[in-house]
Amino acid sequence: MRAARLIKLVLLLQSRSSMTGTELARRLEVSERTVARDVLALSEAGVPVYADRGRTGGYRLIGGYRTRLTGLGRTEAEALFLSGVPAALRDMGLADAASAARLKVSAALLPELSDAPTSAAQRFHLDAPGWWQPHDPPDLLPSVADAVWDDRRMTARYARPGGEVERDLEPYGLILKAGVWYLAARADGDVRVYRVDRFTAVTVGEARFHRPETFDLPGFWEERAAAFARSILRDRVELRLSPDGARRLPYVTDRTAAHEALGAAGAPDELGRVAVTLAVESQDVAYEQLLALGPEAEVLGPPELRERFARAADRAAALYRPSLETP
């Protein structure tokens, strides 16, 4: 543990011209007294660390000293490619590996490029979860991630509507979609998708599996996600939309379904309204979504959904109708 910290201290000083004891203590997550002891140990080992005294003092390396300890380990190199998704790294337990990898890369850069990591981080950031969703990663995610990285077979208990089932899995890859973690894994000869937060128990074995070289995780997910979106849109709703309603439709319902409905619409009537057939998950979901369009959308069918909107319109009108009572 201390050896890793000493290496990190040297790499920090190598990437900066000088750092104060307070800065080093914060980056290494230790006390300033520990930093002082570590600097003394490095000096005794022959590393030319020099302490500048005074109010503006700090620690620095003398004479352009460069350590050769900049080679990336496999975990660090893999984590480096995920460093633009800091929340995902923390969830999978790779934050420390990514930090070490970034330090090693920074230490290997020419002095005139030393600000490149900070420059990029201040200009691009990916925040994966959606708005108003608490960030609560699954407890078993680090274990699943370990199995994915090492190509190890795992046994998992999975909760589904009919009860829990146990599956022997070959975990191919993890996907983070709108704050929800999914696992693509082979089970019983097929590659399937599992929600990681539905795993109730995970045991990672020692045996490894052979990962097919032709398996493409992004392509697999794109295909499965599109198929899933199509599969849940089982119902149809007939609408008449005003120009504003047509413009807003993709923002209140499935975007692809909205564009397909609008693309197949006929010519507008004399008021500019268009009649469309919209694919929806269910009438209940359509009711919740289309209410947002208010008077810009008229439900033509099915009849029971039209009647439901009519009742909602009557209730809304009653709320805003002027009172007949005189003061």
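Here is a short chat about a predicted protein model.

Reader: What should I know about numbering and scoring before I start, and what average pLDDT does the protein have?
Author: Residues are numbered from 1 along each chain as its sequence is written. This is a predicted model, where local features need pLDDT of at least 70, side-chain atom pairs count only at pLDDT 80 or more, totals for chains, interfaces and linings use all residues, and side-chain values use heavy atoms, with hydrogens and water left out. pLDDT is the predictor's confidence in each residue, from 0 to 100. Of the residues, 74% score at least 70, and the protein's average is 81.

Reader: Over which residues does pLDDT stay under 50?
Author: Where pLDDT is low, the predicted coordinates should not be read in detail. The stretch in question has 13 contacts (heavy atoms within 4.5 Å) beyond four places in sequence. With pLDDT under 50 throughout, the stretch is residues 77-82.

Reader: How many helices and strands are there in the protein?
Author: Helices (H or I, at least four residues) and strands (E, at least two) are DSSP runs, numbered from the N terminus. Counted that way, the protein has 13 helices and ten strands.

Reader: Which element gives the largest share of the lining of the second largest pocket?
Author: A pocket is an open set of points on a 1 Å grid over the protein atoms alone, where a 1.4 Å probe fits, with protein on both sides within 12 Å along at least five of seven lines; lining residues have an atom within 4 Å of a point. This one is lined by 14 residues, with Tyr182, Val193, Trp221, Ala225 and Phe228 nearest its centre. Strand E5 (180-187), strand E6 (190-195) and helix H9 (217-232) each give two or more residues to the lining. The largest share, five residues, comes from H9.

Reader: Are Tyr182 and Trp221 buried or exposed?
Author: Buried means under 20% relative accessible area, exposed over 50%, and partly exposed in between (1.4 Å probe, protein chains only). By that rule, Tyr182 and Trp221 are both buried.

Reader: What kind of pair do the rings of Tyr182 and Trp221 make?
Author: Rings of Phe, Tyr and Trp (its six-membered ring) pair if their centres lie within 6.5 Å; planes under 30 degrees apart count as stacked, over 60 as edge-to-face and the rest as tilted. Tyr182 is in strand E5 and Trp221 in helix H9, so the pair ties together parts 39 residues apart in sequence. Their ring centres are 5.2 Å apart and the planes are at 40 degrees, so the pair is tilted.

Reader: And what kind of pair do Tyr172 and Phe215 form?
Author: Ring pairs link these two with Phe209 and Phe220 into a cluster. Tyr172 counts as buried, at 4% relative accessibility. The ring centres of Tyr172 and Phe215 lie 4.8 Å apart with planes at 65 degrees, so the pair is edge-to-face.

Reader: Where is Asp188, with its positive phi?
Author: Most residues other than glycine have a negative phi, and most peptide bonds are trans. Phi of Asp188 is near 55 degrees. Asp188 is exposed, with a relative accessible area of 66%. Its place is the loop between E5 and E6.

Reader: Which residues does a cis peptide bond join?
Author: Look at the loop between strand E10 (297-301) and helix H13 (303-320), where Pro302 is found. Omega is about 5 degrees for the cis bond, which joins Gly301 and Pro302.
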